[in-house]
Amino acid sequence: MYDVIVLGGGPGGYLAAERAGQAGLATLLIEKNKLGGVCLNEGCIPSKTLLNSAKIYDHARNGAKYGVTAENARIDQTAVVARKNKVVKTLVSGVGAAMKAAKVEVKTGLGEIVGRDAEGVVRVKVGDETFEGRRLIVATGSEAVVPPIPGVKEGMAKGTVLTNREILDLPTIPKTLVVVGGGVIGLEMAGYFQTCGSQVTVIEMLDHIAGAADREMAALLQKAFEKQGVKFHLNAKVTSVGDGFVEFEEGGATKRADAERVLMSVGRRPVTKGFGLENLGVLVERGRIVTDAQGRTNVPGVFAIGDANGVWMLAHAAYREAEVAVNTILGKRDAMRYQAMPSVIYTNPEMGFVGETEETCKEKGVAYRKVTLPMSYSGRYLAENEGGEGRIKLLIDPARNRLLGCHLLGSYASEIILSAGVMIESEMRIDDIKEIVFPHPTVGEIIREAVFHA
Ligand code: FAD
Ligand code: NAI
């Protein structure tokens, strides 16, 4: 009998198991594949490892504007993928060690929920073994959506149509790549392959890229990508995938784009089927497990965290949800707050944002004042980004004089955005932010500049 059974060993599941184990709860973690889940094995970490190589390659090729010339710079995709695999292996084994240290028992195999008895004990089967737990945390993650476009299934069988899983292991750089879906995965991979020499075409069905990002900032990112040679087709619908091309409709016309490879990055869906969730009567709506601010489902003692509840499909959201669920199990007061959830797109230039966008302010009827500044107000940005067109945009609540949203495009955005998140989370007044001392010279000082401009 376990105090807690955790189903799924991704960021949500392994952190929940670790925290539960550290608190002295008898904990079982069941993972059908590799510890670390999508994030470590085929998501966050592999993609960022690849993107770092592209950044180095880009610096090597374009160093002349900084007075540095490197001849014959080239990218060795085999070496890049090998290094990525090494990084992943190190991190995955680190998760295994963390489970041992927290005295978490790990079982490898598909966990299947058998049922829940009158005392609230949940039974989960792995192969022919059955385990019992007083609490169950469902952290089964998400999977890529593959729409039924003619030719996609056949392309996947041939290895020419890929999802995030296969593209991160591609042994060579294709001459042409069509990315279907200009969201986060699509943009990160478009940036990588365009830098490495592919001609990338992004086909997006909406009138903008980058999903929930502030539209004005998304348009700037698109412009930066177009300068690098990426082609975009917005408001476009892919109608079929053929041998070496993708056919799509745009503005009433049928068009074609060359595609040695095609990446399908049209979104991800929570994994809620195929493991007996229905045996518990857990409420699933629009494909997501419904949870409250503590991660509780409608079934007492059953929690759902991470991508499985579909609130925010981000590893750091999964981490925090894991802690909230375990604290709730331990009887500690805790709750999720999502108003300061940072998002980052690790493109070059990077995009980081937190809080409200102009669009969400308008939707909610929230009054806002906006300040935008070029990143070149930061001395460090100017020193390091010859010709860079980075931007900061702050949205401010004029009545309460507080930050509503911060949007960054430019180097270090991924690292700087945290500070804006802290300002929003702690409801700092603009006058309080003015009193913060920022290290100089840093690109982060741009927040201070923008606040004084406000
Ligand atoms: P997952 O990581 O999906 O893990 C779920 C685990 O459960 C899997 O290992 C699966 O094998 C296992 N499982 C499922 N069902 C069962 C079962 N019945 N029995 C046993 N095991 C089971 N997020 C960020 O915050 N930053 C990023 O930079 C970022 N980059 C990404 C890049 C890509 C290409 C992709 C695809 C995603 C990226 N994400 C990123 C999203 C991030 O990977 C997810 O938000 C995160 O992995 C969710 O964690 P999770 O624990 O909920 O689920
Ligand atoms: P996404 O939701 O970010 O983007 C999908 C895009 O595809 C949208 O713009 C959508 O309009 C478009 N689309 C949908 N159907 C289409 C069609 N038939 N034709 C053309 N376009 C279509 O999903 P994505 O990129 O697959 O990523 C999934 C999730 O993974 C993200 O939402 C994010 O939560 C997570 N992720 C996070 C990263 C990060 O934090 N840096 C990196 C990568 C993924």
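Me: In the open sheet with the order β20-β21-β24-β23-β22, what makes β20 and β22 its edges?

Reply: In this predicted model, the open sheet has five strands, with antiparallel pairing. Since two strands pair if at least two bridges are found between them, the edges can be read from the partners: β20 (343–345) and β22 (369–374) each have a single partner strand, so one side of each is left without a neighbour in the sheet. Direction ignored, neighbouring strands of this sheet are turned by 15 degrees against each other on average.

Me: How do you know that β23 and β24 are a pair, and which residue of β24 stands opposite leucine 395?

Reply: The cut-off is at least two bridges, and seven bridges join strand β23 (residues 391–397) to strand β24 (residues 402–409), therefore they count as paired. The two strands run antiparallel, and leucine 395 stands opposite glycine 405 in β24. Helix α12 (residues 413–425) lies across β20, β21 (351–355) and β24. On a scale from 0 to 180 degrees between N-to-C directions, α12 runs at about 175 degrees to β24, so the two point in nearly opposite directions.

Me: Which strands are the edges of the other open sheet, the one with the order β8-β15-β9-β10-β11?

Reply: This sheet also has five strands, but here the pairing is parallel. Its edge strands are β8 (161–162) and β11 (231–233), each of which pairs on one side only.

Me: Why is strand β9 said to be largely enclosed?

Reply: Buried means under 20% relative accessible area, and five of the five residues of β9 (residues 176–180) meet that limit, so the strand is largely enclosed by the rest of the structure. Both faces are covered: Thr176, Val178 and Val180 lie on one side, Leu177 and Val179 on the other, and all are buried. Strand β10 is mostly covered, with four of its five residues buried.

Me: What makes β10 and β15 partners of β9?

Reply: Pairing requires at least two bridges. Strand β10 (residues 199–203) is joined to β9 in the parallel sense over five bridges, and four bridges join β9 to strand β15 (residues 261–264), again running parallel, so each pair passes the cut-off. Valine 178 stands opposite valine 262 in β15. Towards β10, valine 179 stands opposite valine 202, while the bridge partner of valine 180 is isoleucine 203. The chain crosses from β9 through α7 to β10, and this β-α-β crossover is right-handed.

Me: How do you know that β10 is linked to β11 as well, and what hand has the unit that they make with α8?

Reply: β10 and β11 pair in the parallel sense over three bridges, and at least two are needed, so they are partners. Valine 202 stands opposite phenylalanine 232 in β11, and isoleucine 203 stands opposite histidine 233. Together with helix α8 (residues 215–228), the two strands make a right-handed β-α-β unit.

Me: What makes α3 and α7 a packed pair of helices, and which hand does their crossing have?

Reply: Helix α3 (residues 44–61) and helix α7 (residues 184–196) pack at an angle of about 35 degrees, with their axes 9 Å apart, and the crossing is left-handed. That hand requires the near helix to be turned anticlockwise from the far one by less than a right angle, so the value of about 35 degrees fits. Contact means heavy atoms within 4.5 Å; among the residues that meet are Leu50, Leu51, Ala54 and Tyr57 in α3, and Met189 and Tyr192 in α7. The residues of this contact divide into seven nonpolar, two polar and four charged. Helix α7 also lies across β9, β10, β11 and β15, running at about 165 degrees to β10.

Me: Why do β12 and β13 count as paired, and what is notable about glycine 244?

Reply: Strand β12 (residues 236–242) and strand β13 (residues 245–250) share six bridges in the antiparallel sense, where at least two suffice, therefore they are a pair. They form a hairpin with two residues between them, and glycine 244 in the turn has a positive phi of about 85 degrees. The bridge partner of glycine 242 is phenylalanine 245 in β13.

Conventions: Residues are numbered from 1 along each chain as its sequence is written. Chains are lettered from A and ligands numbered from 1 in the order in which they are written. This is a predicted model: local features need pLDDT of at least 70, side-chain atom pairs count only at pLDDT 80 or more; totals for chains, interfaces and linings use all residues. Side-chain values use heavy atoms; hydrogens and water are left out. Ala, Val, Leu, Ile, Met, Phe, Trp, Tyr, Cys and Pro count as nonpolar, Asp, Glu, Lys and Arg as charged, and the others, Gly among them, as polar. Buried means under 20% relative accessible area, exposed over 50%, partly exposed in between (1.4 Å probe, protein chains only). A crossover is right-handed if, with the strands pointing away from the viewer, the path from the first strand over the helix to the second runs clockwise.
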